[in-house]
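The exercises below are to be worked with the sequence and the coordinates at hand. Each task is followed by a solution in steps.

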Amino acid sequence: MVRVEIQPFHASLRTMATSYSKLKELITLRVSMSEMHSQILHAMKGLYQNDINSARRYEQITTIGQLLKVLELRDVLSEENILPLQVLAQRLPENMEVMNNITCYEQNCGPKQNINQYAEEYTQQTALPKPPLKENEDNAFSDGLCEKKRERITETIVEEIGSYWRNLARYLGIQEWRIDEIQCNGKPIGEKAAEIMEMYKKRADRKKWFFDLLDALEKSRRRELCKKIREIATMNI
């Protein structure tokens, strides 16, 4: 019997998104995690206002995911034409990984169709400037999600991880002696989980902490919580 190893989806986000659906979700997630989310969404809605072709629908669009769904319905975004994704990627700060994924996808993609000329022209322009780095900014959680989303993620994990906090701690790389110490401190489970998240925050890789956290949740057999955390990352809050 041939053994096939299936890699979790979010793990593939850190390599190459070779399918349309994965590429779209990667870019949607990156934009949603960006502190420039509102700016990017406003600019994209203006750029594709004629394609949206509905004042009511235009006002109802409050997230990048919703915008991309409308563009798919209007046949402006598809597997054959990923120009809107390219425009989104160019507006992202630190977009090298995303652009590499687009290049990888285009190598197996057909010619563009139904191109928005204004968007095509934009791809030749400079992306929005990167936001200035604040003094004494917390490097661990400052590279992607806004503060409100980071707080919501931490609160959700603390409230819902339950007795799986020990497994989560191990997969986040917390030392076993520290886990034992927390186990014996007599505090409620929620406070134990909060200590674990605080430790992780101090040691996490600022560029991939979010995906490492998703991996740890899935390995801890908390896939439903993993899904909830991904949804928080794409919220417009």
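The model is predicted.

**Exercise 1. Residues with positive phi**

Task: Classify Asp75 as buried, partly exposed or exposed, and state where Asp75 is found and which sign its phi takes.

Solution.
- Step 1. Asp75 has a relative accessibility of 47%. Buried requires under 20% and exposed over 50%, so Asp75 counts as partly exposed.
- Step 2. Asp75 is found in the loop between α6 (64–73) and α7.
- Step 3. The phi of Asp75 is positive, about 60°, although Asp75 is not a glycine. Most residues other than glycine have a negative phi.
- Step 4. Asn53 is another non-glycine residue with a positive phi, here about 55°. Asn53 lies in the loop between α4 (49–52) and α5 (55–60). At 62% relative accessibility, Asn53 counts as exposed.
- Step 5. Arg221, just after α14, takes a positive phi of about 65°.

**Exercise 2. The chain as a whole**

Task: State how many helices and strands the chain has, and what share of its residues is buried.

Solution.
- Step 1. The chain has 15 helices and 0 strands.
- Step 2. Of the 237 residues, 43% are buried.
- Step 3. About 13,500 Å² of the chain is exposed, and carbon and sulfur atoms supply 47% of that area.
- Step 4. Take the contacts between residues at least 6 apart in sequence: 70% of them join residues at least 24 apart.

**Exercise 3. Helix α7 and its contact with α3**

Task: Determine how many residues of α7 are buried, then describe how α3 packs against α7.

Solution.
- Step 1. Helix α7 covers residues 83–91, and 9 of its 9 residues are buried, so α7 is largely enclosed by the rest of the structure.
- Step 2. The buried residues of α7 include Gln86, Gln90 and Arg91, along with Leu83, Pro84 and Val87.
- Step 3. Helix α3 (residues 37–47) packs against α7 at an angle of about 145°, with the axes 11 Å apart. The crossing of α3 past α7 is right-handed.
- Step 4. From α3, the contact is made by Ile40, Ala43, Met44 and Leu47; from α7, by Pro84, Val87, Leu88 and Arg91.
- Step 5. The spacing of such positions can be read against helix geometry: an α-helix has 3.6 residues a turn, so residues three or four places apart point the same way.

**Exercise 4. Helix α14 and its contact with α15**

Task: Work out whether α14 is enclosed or open from its count of buried residues, and decide how α14 is oriented relative to α15.

Solution.
- Step 1. In α14 (residues 209–219), 9 of the 11 residues are buried, so α14 is largely enclosed by the rest of the structure.
- Step 2. Among the buried residues of α14 are Trp209, Phe210 and Phe211, as well as Asp212 and Asp215.
- Step 3. The axes of α14 and α15 come within 8 Å and cross at roughly 155°. Angles over 145 degrees count as roughly antiparallel, so α14 is roughly antiparallel to α15.
- Step 4. The crossing of α14 past α15 is left-handed.
- Step 5. On the α14 side, Phe210, Leu214, Leu217 and Glu218 make the contact, and on the α15 side Arg223, Leu225, Cys226, Ile229, Arg230 and Ala233.

**Exercise 5. Helix α10 against α13**

Task: Give the angle and axis distance at which α10 and α13 pack, and name the residues in contact.

Solution.
- Step 1. The angle between α10 and α13 (residues 189–203) is about 140°, and the axes are 8 Å apart. This makes α10 oblique to α13.
- Step 2. The crossing of α10 past α13 is right-handed.
- Step 3. The contact joins Thr154, Ile157 and Val158 of α10 to Gly190, Ala193, Ala194 and Met197 of α13.

**Exercise 6. Salt bridges**

Task: State how many salt bridges a search of the whole structure finds, and explain what the pair Glu160 and Lys228 ties together.

Solution.
- Step 1. The search finds 7 salt bridges.
- Step 2. One of them joins Glu160 to Lys228, with the closest N and O atoms 3.0 Å apart. Glu160 lies in α10 (residues 147–160) and Lys228 in α15 (residues 223–233), so the pair ties together parts 68 residues apart in sequence.
- Step 3. Glu160 is partly exposed at 30% relative accessibility, and Lys228 is partly exposed at 32%.
- Step 4. Glu224 and Arg222 also meet in a salt bridge, at 2.5 Å from N to O. Arg222 is buried, with a relative accessible area of 10%, whereas Glu224 is partly exposed at 47%.

Notes:
Residues numbered from 1 in each chain as written. Predicted model: local features only at pLDDT ≥ 70, side-chain atom pairs only at ≥ 80, totals over all residues. Heavy atoms only, no water. Salt bridge = Lys/Arg side-chain N within 4 Å of Asp/Glu carboxyl O. Helix = DSSP H or I, 4+ residues; strand = E, 2+ residues; numbered from the N terminus. Buried < 20%, exposed > 50% of the residue type's maximum accessible area, 1.4 Å probe, protein only. Contact = heavy atoms within 4.5 Å. Areas by Shrake-Rupley, 256 points an atom, 1.4 Å probe, with all protein chains shown as cover. Axes fitted to C-alpha atoms, helices over the stretch in contact; angles between N-to-C directions. Parallel < 35°, antiparallel > 145°, perpendicular 65-115°, else oblique. Left-handed = near helix turned anticlockwise from the far one by under 90°.
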